Structure formats: C-alpha cells, structure tokens
Amino acid sequence: MSEFEAYRGLFVAESRENHETIVKSLLVLEQGIDEGAIDEIFRAVHTLKGASASMGFEETERLCHSMEDVLSLIRAHTLDVSPPLVDLLLACTDVIEEMIDGIESGGNGHHGDTGHLVDMLRLWVDRGSGNRSVVSNAVSASAPAPPDPEPPSGDPGDPGDRPVYRVRVRVSEESAMADVRAMLVLTNLDALGTVLTTTPSRQAIDEGAFERDLEVEIASDAGEEALRIAASGTEIAAVTVSPVHRGTDDSLGAAPSSCPPGVREEEDRRTRERDREKGREIKNIRVDIHQLDHIMNLVEDLVINRGRLKQIAELHRIKEMDEAISVVERSVSELQNLMMLIRMIPLNQIFNRFPRVVRDVAKHDGKEVEFVIEGGETELDRSVMDGLSDPLLHLIRNGINHGIELPEVRERAGKRRVGMLRLSAHRDRDNVVIELSDDGAGIDIERVRKKAVERGLATSEAASLLTDEEVLAFLFQPGFSTAEKITDISGRGVGLDVVKSSIEALKGSVKVSSVPGQGTRFELILPPTMAIIQVMIVRINTRRIAIPINSVIEVASLTADAIHRIGSNEAILLRDEVLPIYRLDEMFGPPTKGDIILVVQYEDRKCGLPLDLVEGQQEVVVKPLNRLIGSSRGVSGVTILGDGDVVPVVDVNTMV
Amino acid sequence: MIWCPMGRILIVDDTLFMRTLLKNILFSGGHTIVGEAADGEEGIAKYKELKPDLVTMDVVMPKMNGIESLKGIRQFDPNAKVVMCTAVGQEQMVKLAIKTGARGYIVKPFQAPKVLEEVKNVLAS
C-alpha cells in the first residue's frame with residue numbers, strides 16, 4: 001500500500017467529490033424515483049469502491065459494496081425508495097465522510113460502524129430480493145442488451161481442408177476473472193481459423209462455469225506457432241498446441257510447445273517497478289495550507305520590499321538599478337497574481353455541504369423545502385472562504401427555522417406547500433455577492449420596531465420615524481432575536497449579530513431586505529481576497545493613514561466656513577447633499593490645515609474626513625494587529641510602506 | 001515476447017484518480033499517453049482525433065459507458081485495440097465488451113506489472 005501513499009491526497013479529494021455527489025443525489029432520490037439520480041449515486045459509489053480497493057481501504061470498499069447491492073435493487077425496481085432507506089444510506093455517507101477524514105489524516109478508513117451498517121444494508125437486500133434471487137441479476141440489469149446470440153458453440157464447425165490442432169490453455173491461478181480470460185483466448189483463436197469444439201462450451205464460459213483449463217480444437221492454416229501466440233497472453237500459465245490427425249486421436253504423442261511463466265518475467269517485473277519509481281510523473285500535488293500561507297507571507301514581504309527598493313532607486317537615480325527593479329517588479333506582480341489564483345477556491349466547496357443541512361433542518365421542523373444553488377463556481381480566496389461557511393450555515397438554518405412556514409400554513413396563505421430557499425453567488429465588479437433568499441413569511445417589521453423600543457435601542461418616537469431598512473438593521477444587534485423559542489438546531493442566542501461580525505471580519509458587509517408574506521433576502525458582499533488591497537495614503541497632522549480605496553468616493557476641497565453645526569455634530573453641504581463630518585482627532589490629533597475632505601462610503605452611508613494631504617494610491621499588504629495590541633475599533637490592521645513606515649489602515653465600516 | 005512495442009495510448013476514465021494511476025503505470029512501462037478522456041463520448045472524439053495505438057476504457061462512466069464508447073470506436077476503426085478497465089463483479093459487462101470487440105481487460109485495483117503485460121500483449125497482437 002505504501003506505493004499508493006503518493007495518491008492519498010488525490011484519493012481524498014476525489015472521494016470527497018464522490019461523497020458529495022452521493023449525498024446530493026440521495027436527496028434528489030428522496031423526492032421520488034429518479035433514474036438519473038440513481039445512476040449518479042451508483043456511479044459515485046462504484047468509483048469510490050474502486051478507488052478504495054486500489055488504495056487498500058478495505059472497510060470503505062466493503063461499505064460501498066454493500067451500498068451498491070442495495071442501489072442495484074433500487075435501480076432494478078425491486079426495492080422502493082423509502083425515507084428509512086434514504087436515512088440509512090445517508091448514515092452510510094456520514095460514515096464514509098468520516099472514513100475519508102480519517103484517511104486524509106493518514107488512517108486506513110477504519111470505522112466502528114461499518115459492520116453494523118453493512119448488516120443493515122443486507123437486511124434491505126434480503127427484503128428487496130424476497131424470494132427472487134435478483135441480486136446478481138440486478139447488477140447486469142443495467143448492462144445494455146447482449147448482442148445477438150452466437151451460434152451454439154459446442155457444435156463442431158466445418159474444418160474444411162485445413163489442418164486441425166488441439167490447443168490447451170491453462171489460465172493462471174492469479175487471474176481474477178478466469179472465464180473472461182478464456183473468452184479472450186477464444187476470440188483470439190477465432191481470428192485464426194474455425195473453432196470446432198471447445199471444452200467447456202462457450203455458453204458455459206459465458207455463464208461463468210470455468211475453472212482454469214480450456215481445450216479447443218481448431219481448424220487453421222496459421223500454424224502451430226501462431227496459434228500458440230494467439231492463445232498465450234496475460235494471466236495464461238501454459239499453452240500447448242498439438243496437431244490432431246483426424247481419426248487417430250494422438251494428441252498426447254505430439255511434442256507440446258509450451259511457454260510457462262519464466263524467471264525472466266519476475267526480473268522484468270522488478271525492472272519495471274524500478275523504472276516506475278523513476279518515471280512517476282505527478283501533475284497535481286496537494287500542498288499543506290500553512291505552507292501556502294507562508295508562501296503568501298513571503299510574497300507580501302516581497303511586495304513591501306519592492307516598494308522600498310523603488311524608493312531607494314528613485315532617491316539615488318541609479319539607471320541600472322531602475323531597470324533591474326522593473327524586471328523584478330514584473331516577476332513579483334506575476335508571482336502575486338499566481339498566488340492569488342492558487343488561493344482561489346470555488347464556492348461549491350462549501351455550498352455542496354448545504355443541501356444535506358437543509359434536508360436535516362427541514363425534516364426536523366416538519367417543513368418542505370426546495371433548495372436551489374446557483375453560481376457555486378464563483379471563486380473566492382481561501383481566507384475569505386474559511387470564515388464564510390458558519391455564517392452562511394446560520395443564515396440557512398434561520399431561513400428554514402424562522403422564514404419558511406409549515407406546509408399547512410403555506411397552503412392556507414395560498415402558497416406552494418414546498419418552500420423555496422435559494423442560495424446564489426456572482427461576481428459584481430471587484431466583489432463577490434452571495435444572496436440567500438426564501439419565499440417564507442418574511443420579517444414582521446412592526447414586531448422588530450416594537451422589540452427595538454423594548455430593548456431600549458430606540459425611543460418609540462425615533463423608532464416610528466425609521467425606515468424599514470433602518471429597522472431591519474436592528475436584527476444585527478447583539479442578542480436581538482424575534483423568535484419566541486430557541487430551537488435546538490438554530491438560535492440558541494447566537495444571532496445575526498454574529499453573522500454580521502464574521503462577515504465584517506472578512507471585510508464584507510451584510511444587508512437584509514424582507515417583504516412580509518413574500519420572504520426574506522440576505523445579501524453578503526465580500527471582497528474576493530483580503531490580503532492585498534488598494535489604499536489611498538493620506539496625511540493628518542503629519543501622520544500617514546491608509547484608507548481602502550473601495551470605500552473612497554471622492555476628494556474635495558474644504559473651507560472652514562463651509563462646516564455647519566447640527567447639534568453636536570458637524571456637517572457640510574456637498575452638491576446639495578448633507579454630509580456628516582467625522583474627525584479622526586482622537587486617533588491622530590487635529591489636522592494642521594484640514595482643507596481637504598475625503599468622502600468615504602459604507603453601504604449607503606457617506607461621511608467626510610477632513611485631512612491635510614493626499615499622498616497617493618498604492619497597493620499594500622494589510623497585516624492584522626498583533627495580539628498584544630488587540631483589536632482596535634476603527635483600525636483594521638497596519639501596513640508597512642516602502643520606506644519602512646508603519647501605517648494604520650482605517651476601517652471605514654466601523655467609522656461611518 | 002520477441003518484440004515489445006511501446007504504444008501511444010489514450011486513457012478513458014471518468015475519474016482523475018484512476019487516470020493518474022494508469023498514466024503513471026503506463027508511463028513507467030515506456031508508453032506514451034497521447035490523451036485522456038473523461039467519458040465515453042469524449043473517448044470516441046479523442047480516438048478519432050489522435051488515432052492511438054491502444055485505448056484503456058473504463059466500463060462505468062457518465063454520459064456514455066465504456067461499452068457504447070467501444071462500439072463507437074470500433075465503428076470508426078474495426079481494428080482498434082481497446083482494453084477494458086474493470087472491477088471484480090463486472091464479469092458480465094466485460095464479456096459483453098469482449099463480444100463487442102474489446103481486445104483485453106485489466107482489473108481494478110490495478111497491479112502495475114499486470115497492466116503493463118496486458119497492454120504489451122494487446123499491442124503485439
């Protein structure tokens with residue numbers, strides 16, 4: 001098995017895919033018999049079995065094999081698909097997933113539940129086959145209809161005038177399918193002459209009644225040597241060819257020309273194995289994710305130092321160095337792009353797990369849900385993807401728990417019994433947008449408004465003036481839940497506030513909209529990557545600050561008398577728009593001139609930041625703040641500029 | 001064998017895992033892998049395009065299974081050398097394949113020496 005170690009990663013990756021296919025198709029099958037889904041499952045289980053056998057993961061193979069037995073009965077329509085059967089098959093997939101996990105971490109796929117599950121599957125097989133012994137037939141039931149039967153083969157053919165030979169073939173003991181081997185020998189001999197008799201008969205061989213020895217009488221002009229070659233081959237232990245003198249059956253007297261497997265072959269095998277070690281060529285490799293992160297860090301350092309070199313070259317005006325740096329620069333940006341690409345993963349990696357969750361939650365709640373996934377091929381950086389799974393899972397559970405109504409309730413409201421949950425993703429300019437919408441009851445905005453007042457988040461007058469969108473934003477406040485009871489699958493205090501903060505930690509944002517009676521829609525907007533961003537470098541009170549370029553709207557000049565006071569707040573009028581002013585004095589001290597205003601936006605809210613100087617635009621690597629400092633509101637991280645200056649990167653989301 | 005030819009081989013299998021495994025085995029035996037196909041239809045198309053000396057053909061595949069693909073290839077080239085890749089339990093399918101014109105078979109889990117031997121023998125035939 002050790003020689004297969006190199007394939008372990010590939011096995012795991014592909015088995016995971018197959019596992020997902022099985023789960024997905026089982027869920028389809030549960031909705032009603034679907035030939036396509038059965039074929040899909042069958043194929044995936046079969047592939048998984050084959051791969052496990054190749055790797056020597058016997059338990060996985062055994063479980064898949066038992067699953068195949070049951071599936072073939074379903075395919076042959078001798079066993080009906082019922083919820084308990086689907087439950088059992090899903091339980092098998094759970095075990096398979098755990099096996100794959102185990103294999104990934106170096107195990108051999110051992111799992112304590114295999115025996116139990118295999119027994120359960122066997123019970124179903126017994127039930128399905130009943131008195132009819134269809135198990136073996138069912139497997140071939142899928143095969144296309146056999147071609148027209150050949151003429152019965154035991155019958156003597158017409159020898160004509162050609163000499164007749166008796167060919168004796170012994171199939172080697174290690175042959176897994178001796179009967180098939182015999183059949184190949186017969187086919188090869190057919191090409192050289194007319195086969196007169198075979199023992200056992202062709203029909204018997206076809207039915208599998210074959211041990212190891214085949215005897216054929218053939219009329220042929222090809223000669224002894226040609227017949228011998230035609231009959232020998234892989235897994236053929238010995239061949240003897242002798243002329244048959246018609247009438248005088250003295251086959252025993254003829255000197256047999258045989259080709260027993262020799263010592264040479266053993267030698268051949270060894271050489272081949274040696275060559276194989278040398279010649280192994282692997283196109284795909286799996287890389288430890290931490291190593292990838294480390295490479296990414298090094299690339300980031302390169303990006304920083306590239307900037308630094310550039311500054312030095314500019315300072316000293318060395319032409320050769322300029323040239324050399326521009327070459328390095330090109331390589332570095334290519335390397336950076338490549339690293340970004342390597343880290344991009346299709347969203348399906350996490351989306352594919354959701355159908356199963358939807359099924360379980362819906363079943364638990366007694367709801368009927370149709371789950372649609374779109375745009376799973378959209379790619380995201382791994383670092384973003386990692387943090388996305390849990391919040392999405394939470395939203396999906398929420399959608400079923402609180403969004404989609406019970407079938408009876410839906411019917412009374414004149415809707416389809418089956419609720420619709422749609423998860424879709426697409427690229428929108430530089431961002432990836434993920435939408436989750438349901439056609440459930442929607443959010444009762446008045447209830448949220450009332451609750452917000454109860455919680456003291458707003459006075460009743462203020463609350464009554466808020467727009468629907470502003471009211472819905474309360475849902476993302478910590479501890480805010482309109483659900484009456486905590487269900488055992490979702491809820492439990494972990495609310496939308498956690499979703500919001502996890503998405504914001506990924507530099508993304510969440511929006512919710514809802515139409516009572518028609519459903520709720522969550523929209524997550526995410527950056528495709530969070531490691532390297534474009535920033536604008538500005539100065540306030542001689543200090544440099546970096547502001548992510550995607551939140552900058554414009555830069556305008558500012559005169560002191562343009563600033564109006566509204567209560568304790570300041571604002572300016574910019575092209576008929578009232579723009580609140582936010583000062584970063586606490587962090588950086590008051591601006592010396594403050595005659596420039598930078599307009600930033602987060603979602604639909606804008607504000608202006610007075611500052612002294614705009615230095616320029618640059619691509620920087622954002623490093624998270626050290627654990628010693630802890631997270632600091634308003635600052636998402638720091639970046640090191642080419643000249644070694646450490647500059648804070650302002651987090652506009654928390655500021656506006 | 002007196003003459004041991006190295007072949008230009010097309011691999012038809014729906015899983016990357018099996019294709020990679022086979023590719024490495026065949027490569028180690030000195031053969032050239034001229035192409036890979038992931039289903040039966042693609043197998044026929046690639047055969048027409050590449051005219052390989054030999055095809056290894058998986059039996060169970062999506063879209064078009066190995067036997068249908070074998071038929072398609074034999075229709076295009078009656079002398080095509082196709083070796084079926086099969087697993088224990090699929091004897092009936094393999095027999096059908098042989099009646100349809102397959103020239104040999106290899107059994108999963110693959111054993112490199114056996115695979116190479118079968119390929120060598122079929123190439124020489």
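Start in chain A, where 5 strands form an open sheet in the order 6-8-9-11-10, with mixed pairing. Strands here are DSSP runs (E, at least two residues), helices are DSSP runs too (H or I, at least four), and both are numbered from the N terminus. Two strands pair if DSSP finds at least two bridges between them.

Before going on, note that this is a predicted model: local features need pLDDT of at least 70, side-chain atom pairs count only at pLDDT 80 or more, and totals for chains, interfaces and linings use all residues. Residues are numbered from 1 along each chain as its sequence is written, and chains are lettered from A and ligands numbered from 1 in the order in which they are written.

**The five-stranded sheet**

Select 369–374 and 509–515 of chain A. These are strand 6 and strand 10, the edge strands, and each pairs on one side only. From one strand to the next, the twist averages 10°. Angles run from 0 to 180 degrees between N-to-C directions, with axes fitted to C-alpha atoms (for helices, over the stretch in contact).

Now add strand 11, residues 519–526 of chain A. Strand 11 runs antiparallel to strand 10, and 7 bridges join them. Pick A:Ser513: its bridge partner in strand 11 is A:Arg521.

Next, show helix 16, residues 389–403 of chain A. Helix 16 packs on the sheet and touches strands 6, 8 (419–428), 9 (431–438) and 11. Touching rests on contacts: C-beta atoms, placed from the backbone, within 7 Å. The direction of helix 16 makes about 20° with that of strand 9.

Then take helix 21, residues 496–505 of chain A. Helix 21 also packs on this sheet, touching strand 10 and strand 11. Its direction makes about 140° with that of strand 10.

**The three-stranded sheet**

Stay in chain A. Another open sheet has 3 strands in the order 14-18-19, with antiparallel pairing. Its edge strands are strand 14 (552–557) and strand 19 (605–611). Here the twist averages 25° from one strand to the next. Select strand 18, residues 596–602: 7 bridges join it to strand 19. A:Tyr602 stands opposite A:Arg605.

**A helix in chain B**

Switch to helix 4 of chain B, residues 91–100. 8 of its 10 residues are buried, so helix 4 is largely enclosed by the rest of the structure. Buried means 20 or more other C-beta atoms within 10 Å of the residue's own. Among the buried residues are B:Met93, B:Val94 and B:Leu96. Just after the helix comes B:Gly101, with a positive phi near 120°.

**Confidence**

Finally, color chain A by pLDDT, the predictor's confidence in each residue, from 0 to 100. The mean is 78, and 82% of residues reach 70 or more. Over residues 275–280 of chain A, pLDDT is below 50. Where pLDDT is low, the predicted coordinates should not be read in detail.

Definitions and conventions
Contact = placed C-beta atoms within 7 Å. Buried ≥ 20, exposed ≤ 12 C-beta atoms within 10 Å, placed from the backbone.
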